[in-house]
Amino acid sequence: MDDRGLAADGTIAREGSLERISAEFAPVVEALRVHVAGTFARLHSAYLYGSIPRGTAVPGVSDLDVLLALHDEPTDADRADARRIEGALDREFPQINGVGIQLASARTLLSDAERHDGGFFVACLCTPLLGDDLAEHLPRYRPTSLLARETNGDLRTLLPGWRERAQTATDHERRTLSRSVARRLVRTGFTLVMPRWGGWTSDLARPPSCSGATTPSGSSRCAPLPRPLANPPPIPRSWRCSSTTSALGSPPSTPPSTANGRPGPDAAY
């Protein structure tokens, strides 16, 4: 992998591996493996993503991010099982600051509609943990304008859900939401210049510098963003995403199903 996250053939290299997981987080991953294998009979495959498989996780700060691909569409019972595992791991291991388990069907992740969103997420941003790797059935991806557009196309649909969550969440939930929104906005800015930069990264410190290098006038605005992402102040209950709305136009009146927990590249930050 070169410094732009590319393999020798110019495609985006898969980030993360089980070998990069530090000793502090190895027991967490092993406990996750046991929980998942013993709970989901319809499991096709399980993946890690984020800082833990990239080897950049910080004890007590980083969270554990997981994608489970099921043979069939997830049910309410599956989601309840995932929440139970999240709670159990979060209580047992102080080195993680929360657990997020995303659920999807293997069929959906391999569909044409998800080729440059969920498919890219699995093939490039996820590290296989259990089962047969779906990436074997997906293409090799390049940092193109098509990829930038497709991985970022649902941002406007997320705004109503963000507002609703901000208004009803606890302080802890709003802090978690703040991290998610801030990370997503950094990635949004990055994908706008990704095709010209010619690379991909999930390192929070890289997108602003990449954007600044490509668009010098935006450098001063982007540079300060990474510092608060690890521990941002919780957003207020009345938060309205005004700056994002003005940039993208008015959001639809009701969020489509794609905004309801479906995994996507934004989760990798």
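Select Ser45 and His44: their side chains make a polar contact with each other, at 2.9 Å. The model on screen is a predicted one.

**Stop 1: around Ser45**

Keep Ser45 selected and colour by secondary structure. Ser45 belongs to strand 1, which covers residues 43-49. Its relative accessibility is 0%, so Ser45 counts as buried. Now show the residues in contact with Ser45, leaving out those up to four places away in sequence. Leu67, Leu68 and Ala69 appear, together with Leu130, Gly131, Asp132 and Leu134.

**Stop 2: the ring of Phe120**

Next, select the aromatic residues. The structure has three aromatic pairs. Begin with Phe120 and Tyr141, whose ring centres are 5.5 Å apart; the planes meet at 75 degrees, so this pair is edge-to-face. Phe120 sits in helix 5 (residues 118-125), while Tyr141 is in the loop between strand 4 (126-131) and helix 6 (145-152); the pair therefore ties together parts 21 residues apart in sequence. Phe120 and Tyr141 are both buried.

Leave Phe120 on display and add Trp200. Phe120 and Trp200 form an aromatic pair as well, edge-to-face, with 5.0 Å from centre to centre and 80 degrees between the planes. Trp200 lies in the loop between helix 8 (171-197) and helix 9 (206-214), whereas Phe120 is in helix 5, so this pair ties together parts that are 80 residues apart in sequence.

Colouring by accessibility gives 0% relative accessibility for Phe120, which therefore counts as buried. Trp200 has 4% and so counts as buried too. With Phe120, Tyr141 and Trp200 all shown, the view holds a cluster linked by ring pairs.

**Stop 3: Cys124 and Cys126**

Finally, select the cysteines. How many disulfides does a search of the whole structure find? The search finds zero. Cys124 is in no disulfide, and the nearest cysteine sulfur to its own belongs to Cys126, 9.6 Å away. Why is there no bond from Cys126? The closest cysteine sulfur to that of Cys126 is in Cys124, and 9.6 Å is too far for a bond, because a disulfide needs the two sulfur atoms within 2.5 Å.

Are Cys124 and Cys126 buried or exposed? Cys124 has 3% relative accessibility and therefore counts as buried. Cys126, at 0%, also counts as buried. The cut-off for buried is under 20% relative accessible area.

How values were computed. Residues numbered from 1 in each chain as written. Predicted model: local features only at pLDDT ≥ 70, side-chain atom pairs only at ≥ 80, totals over all residues. Heavy atoms only, no water. Buried < 20%, exposed > 50% of the residue type's maximum accessible area, 1.4 Å probe, protein only. Helix = DSSP H or I, 4+ residues; strand = E, 2+ residues; numbered from the N terminus. Polar contact = N/O pair within 3.5 Å; in protein donor to acceptor, adjacent residues only side chain to side chain. Contact = heavy atoms within 4.5 Å. Phe/Tyr/Trp six-rings, centres within 6.5 Å; stacked < 30°, edge-to-face > 60°.
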